[in-house]
Structures are given as C-alpha cells and as structure tokens.
Amino acid sequence: MSTSFKAKSTHLPEEPFFYETFDLISTHIPTVAGTREENVNSIALRIDPEIYMDMCLDALEYMLDTMTQENPQNVRQIGSIPLRINNIVSLKPSNHICIAGDSTVSVWTNGEIYSCFMFYGQDKFRIGHIDDKLETSLERNSGLSTIEGLNNKSHIEQCRNCFARNACAGCAGDNYFSAKDGEIIPESFCNLVKKSLEKFLFKYVEIKEDPAKWQHFKTHFSETYLC
Ligand code: SF4
C-alpha cells in the first residue's frame, strides 16, 4: 500500500539573481569543469570510501531524526545521501541514477552540448552543438546512448535485479570518473546505496510505529521533498 502526503512546496529561490532575472527556481552552478585528467585528479583527493560511507550514514540518521521532531531547527535534504527517498516513500520507480541526459543537458560556452558539464571535451559524450539539427534518438545519438549506458538502470546489467534499484540515486559523472577498470558503477557507490537503504528502512519502520514521530515526519517530509 502506498503512502500519500500532502505536498507543500517550500522550494525557495536559492539564487535570487537567476530567480529574479530568468524566473529559474533551481539553478545549478557547477564548479569549473576540466579535462578528464583534472577531474580524475580532483577525485583522487577524496577521502577513503569507508570514511565517506560512515559520514553519509550519520548524515542520513541525523536527517531522519530531525524530521521526527516537532520544531526542528533545520530540515533539509542532504545531497550526499545516495537515495531517492521520495521514491521509496511514494513507491515510485526510478530509472536513472541522475538527471544527466534524461531531463537536463549542459551547453558549453562554445555551443557544444553534453549531458552534463562533467563530460565536457569527451567526444563519446558529445550530444551535438546548438547550431546542429539534433538527433535525439538513442540509437542515432552516440552521446546520448553513451550516457544512458552509465545512467539508465535498465541499460546496466548489475542494476537490473538490484533490490535498491528504485531507491538508488547519485551522480553518473562521479561514478564514471571513480570507476576502476572493468567497472561501470563503482562498487563503493553500490555499497553506500545499499547500506543507506538498509538504514533508511529500519528507521522508517521505527518512525511509523511512533504516532507522534510519524506525524512530524510526514509534515517535514512534505516540506522537504517536492512530492
Ligand atoms: S546500487 Fe548499484 S547496482 Fe543497485 S541500482 Fe544502484 S547503481 Fe545499480
């Protein structure tokens, strides 16, 4: 049985300039992207996956605990948690790991189009140019079909029968740059998703069993996630 919540949008313009000038409520301003080597080098500076996992699991616990309080000081989605929690709660399917090439593209300053800024400069991810008549079918656009192979769970062998498939969310570009030889999706990412889902489900059952916590959770969930 699915659970429904009364959705109340509290999505505020975080970037007033883009909101007031272009009427954009959600603006993604990435850090300056570089070549593959530069991206790989920046990833090499990352912390150990085990430490990162502990931090993410603590953040998830904190977020859920906060959502069960009557007047929490701060309820926000924590972006590093690799779960699409609104899909789990509302039992919605999720086919893509992230929105790259699915509902967004990135246009470089020279007019080249990629599914995400992270892939700039790599021919196999190039979708086209703003002056081109674009072919948008997966069979004919190699840039789109390349990203689908990394981002669409029904195109990725290891995702097809994964129990976390509808909950899993992350960054296809990050996965691409972090994957070791032979990997499409890094093992460390899948481990983090599965551990996070396990933790979420245990906490979710615990919250549902306590009427006061459940009521607060529903209220804050609807405020936090655009259902
Ligand atoms: S956890 Fe890994 S295998 Fe499972 S759906 Fe996500 S990316 Fe695919």
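In this predicted model, the cover over the buried residues of helix α5 includes β2, β3 and α7. Helix α5 runs from residue 142 to 151 and is mostly covered. Seven of its ten residues are buried. These are Gly-143, Leu-144, Thr-146, Ile-147, Glu-148, Leu-150 and Asn-151.

Two of the elements that cover α5 are strands, β2 and β3. They belong to an open sheet of three strands, in the order β1-β2-β3. The pairing in this sheet is antiparallel. Strands β1 (106-107) and β3 (126-129) are the edges, and each pairs on one side only. Strands of a sheet pair through backbone hydrogen bonds, either parallel or antiparallel. Strand β2 covers residues 112-114 and is joined to β3 by three bridges in the antiparallel sense. Across this pair, Tyr-114 stands opposite Arg-126 of β3.

The third element named over α5 is helix α7. Asp-174 has its place in α7. Asp-174 has 18 C-beta neighbours inside 10 Å, so this residue counts as partly exposed; 20 or more would make a residue buried. Asp-174 lies eleven residues from Ile-185 in sequence, and their C-alpha atoms are 9.6 Å apart in space.

Ile-185 is also one of the residues around the ligand. The others in this shell are Lys-153, Ile-156, Gln-158, Cys-159, Cys-162, Ala-164, Arg-165, Cys-168, Cys-190, Val-193 and Lys-194. Two elements, α6 (157-160) and α8 (187-208), each give two or more residues to the shell. The largest share, three residues, comes from α8. By class, eight residues of the shell are nonpolar, one is polar and three are charged.

Helix α8 has 22 residues, and at 1.5 Å a residue they should span 32 Å. The C-alpha atoms at its ends are 31 Å apart, which agrees. Its buried residues are Phe-189, Leu-192, Val-193, Ser-196, Leu-197, Phe-200 and Ile-207. They cover an arc of only 130° around the axis, which puts them on the same side of α8. The face turned away from that buried side carries the exposed residues Leu-201, Phe-202 and Val-205. Val-193 is on the list of buried residues of α8, and Val-193 is also among the residues around the ligand. The cover over the buried residues of α8 includes α3 (49-67), α4 (85-89), α7 (172-178) and α9 (211-224).

Helix α9 can be described in a similar way. At 1.5 Å a residue, its 14 residues should span 20 Å. Its end C-alpha atoms are 20 Å apart, which agrees. The buried residues of α9 are His-216, Phe-217, His-220 and Phe-221. Seen down the axis, they fall within an arc of 130°, so they line one face of the helix. The elements that cover them include α3, α4 and α8. Helices α3 and α4 are also among the elements that cover the buried residues of α8.

The chain as a whole holds nine helices and three strands. Along the sequence, they follow the pattern α-α-α-α-β-β-β-α-α-α-α-α. Of the 227 residues in the chain, 25% are buried. Contacts between residues at least 6 apart in sequence were also counted. Among these, 61% join residues at least 24 apart.

Notes. Residues numbered from 1 in each chain as written. Predicted model: local features only at pLDDT ≥ 70, side-chain atom pairs only at ≥ 80, totals over all residues. Near = placed C-beta within 6 Å. Helix = DSSP H or I, 4+ residues; strand = E, 2+ residues; numbered from the N terminus. Nonpolar A, V, L, I, M, F, W, Y, C, P; charged D, E, K, R; others polar. Pairing = 2+ DSSP bridges. Expected span 1.5 Å × (residues − 1). Buried ≥ 20, exposed ≤ 12 C-beta atoms within 10 Å, placed from the backbone. Arc of directions from axis to C-beta. Contact = placed C-beta atoms within 7 Å.
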